[in-house]
Amino acid sequence: MVKMRVSKRVFFLLVIMSFIGLASALTVLYEFQVLGNLPPFCTLGGHASFLGTQINCAIVLESSYSTISVGSLHVSLEMLAAIWFIINICLVCAISFGSAEHARRLLDVLFGWRFFGLVIVPYLIYLEFFVVHSICIYCTVMHCCIIIDFIIVSYFLFSSKTKQYLSLE
């Protein structure tokens with residue numbers, strides 16, 4: 001049986017937001033991209049707003065800002081978010097179940113990966129509020145998960161107990 005390098009509690013804290021974000025991204029991918037339907041709770045009654053911006057996923061998901069195009073390749077932001085969360089989970093598993101000599105280095109990689117996600121979130125929020133003038137509740141869930149993920153990994157990286165968490169002592 002493989003020994004975990006971190007406690008079950010720490011492992012749970014490091015992956016929970018990634019699983020919630022992944023579920024949100026996969027819901028949008030499946031409902032909107034595969035089935036062609038709006039995800040559940042997409043419009044919240046059609047007239048809901050937050051800070052003067054309507055809550056309507058359809059407007060966000062159908063906007064030209066919901067995909068990144070490189071030549072003839074068009075990739076939805078939901079797909080990129082799902083990939084981001086999957087890589088996040090894989091890094092946590094590698095830290096939790098990998099060798100002691102790689103755990104600290106991988107924690108630095110995880111910090112960098114989560115920082116990369118954190119840097120993109122303000123731009124996406126800007127697009128929703130000031131360009132598209134609509135908020136997608138699923139995107140907001142993913143944004144929150146990315147921010148909370150970064151806070152959690154920052155705590156573990158800069159905590160005086162990191163060596164204890166990673167069994168590196």
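## Burial and the overall fold

A residue is called buried here when its relative accessible area is under 20%, exposed when that value is over 50%, and partly exposed in between. The model is predicted. By this criterion, 40% of the 169 residues of the protein count as buried.

The protein contains 6 helices and 5 strands, and along the sequence they follow the order α-β-β-α-β-β-α-α-β-α-α. Among contacts with a separation of 6 or more, 71% come from residues 24 or more positions apart. The accessible surface of the protein amounts to about 9500 Å², and carbon and sulfur atoms hold 70% of that area.

## Helix α4

The buried residues of α4 are Ala103, Leu107, Leu110, Arg114, Gly117, Val121, Leu127, Glu128, Phe129 and Val132. Arg114 and Glu128 appear in that list alongside nonpolar residues such as Leu107 and Val121.

Helix α4 has 33 residues, and its first and last C-alpha atoms are 46 Å apart, close to the 48 Å expected at 1.5 Å a residue. After α4 comes His133, with a positive phi near 60°. His133 belongs to the loop between α4 and β5 (134-135). Most residues other than glycine have a negative phi. His133 counts as partly exposed because its relative accessible area is 46%, a value between the limits of 20% and 50%.

## Links between α4 and α5

A search of the whole structure finds 1 salt bridge. In this salt bridge the side chains of Asp149 and Arg114 meet, with an N to O distance of 3.7 Å. Asp149 lies in helix α5 and Arg114 in helix α4, so the pair links distant parts of the chain, 35 residues apart. Both Asp149 and Arg114 are buried. Side chains of opposite charge can pair when their charged atoms come close.

His143 is also in helix α5. Its relative accessibility is 8%, and therefore His143 counts as buried. Leaving aside residues up to four places away in sequence, His143 touches Val121, Leu124, Ile125 and Glu128. Of these contacts, Val121 and Glu128 are among the buried residues of α4.

## Helix α3 and its packing

Helix α3 covers residues 77-97, which is 21 residues. At 1.5 Å a residue its expected span is 30 Å, and because its end C-alpha atoms are 30 Å apart, the model agrees with that expectation.

The buried residues of α3 are Glu78, Ala81, Ala82, Trp84, Phe85, Asn88, Ile89, Leu91, Val92, Ile95 and Ser96. They pack against four helices and a strand, namely α1 (8-34), α2 (57-61), α4 (100-132), α5 (137-158) and β4 (73-76).

## The β3-β4 hairpin and the nonpolar patch

Strands β3 and β4 run antiparallel and are joined by 4 bridges. One of the pairings places Ile68 opposite its bridge partner Val75 in β4. The hairpin has 2 residues between the strands, and Gly71 takes a positive phi near 65° there.

A nonpolar patch on the surface consists of Ile68, Val70, Leu73, Met79, Leu80, Ile83 and Ile87, which together have about 580 Å² of accessible area. β3 (67-70) and α3 each supply at least two residues of the patch, and α3 gives the most, with 4 residues. Val70, a patch member, is found in strand β3. Val70 is exposed because its relative accessible area of 59% is over the 50% limit.

## Tyr65

Tyr65 is in the loop between α2 and β3. With a relative accessible area of 39%, Tyr65 is partly exposed. Not counting residues up to four places away in sequence, Tyr65 touches Leu77, Leu127, Val131 and Val132. Leu127 and Val132 are among the buried residues of α4.

The C-alpha atoms of Tyr65 and Ser76 are separated by 9.1 Å, and the two residues are 11 residues apart along the chain.

Conventions. Residues numbered from 1 in each chain as written. Predicted model: local features only at pLDDT ≥ 70, side-chain atom pairs only at ≥ 80, totals over all residues. Heavy atoms only, no water. Expected span 1.5 Å × (residues − 1). Buried < 20%, exposed > 50% of the residue type's maximum accessible area, 1.4 Å probe, protein only. Contact = heavy atoms within 4.5 Å. Patch = residues over 30% accessible without salt bridge, like charges linked within 9 Å, V, L, I, M, F, W, Y side chains within 5 Å. Areas by Shrake-Rupley, 256 points an atom, 1.4 Å probe, with all protein chains shown as cover. Salt bridge = Lys/Arg side-chain N within 4 Å of Asp/Glu carboxyl O. Pairing = 2+ DSSP bridges.
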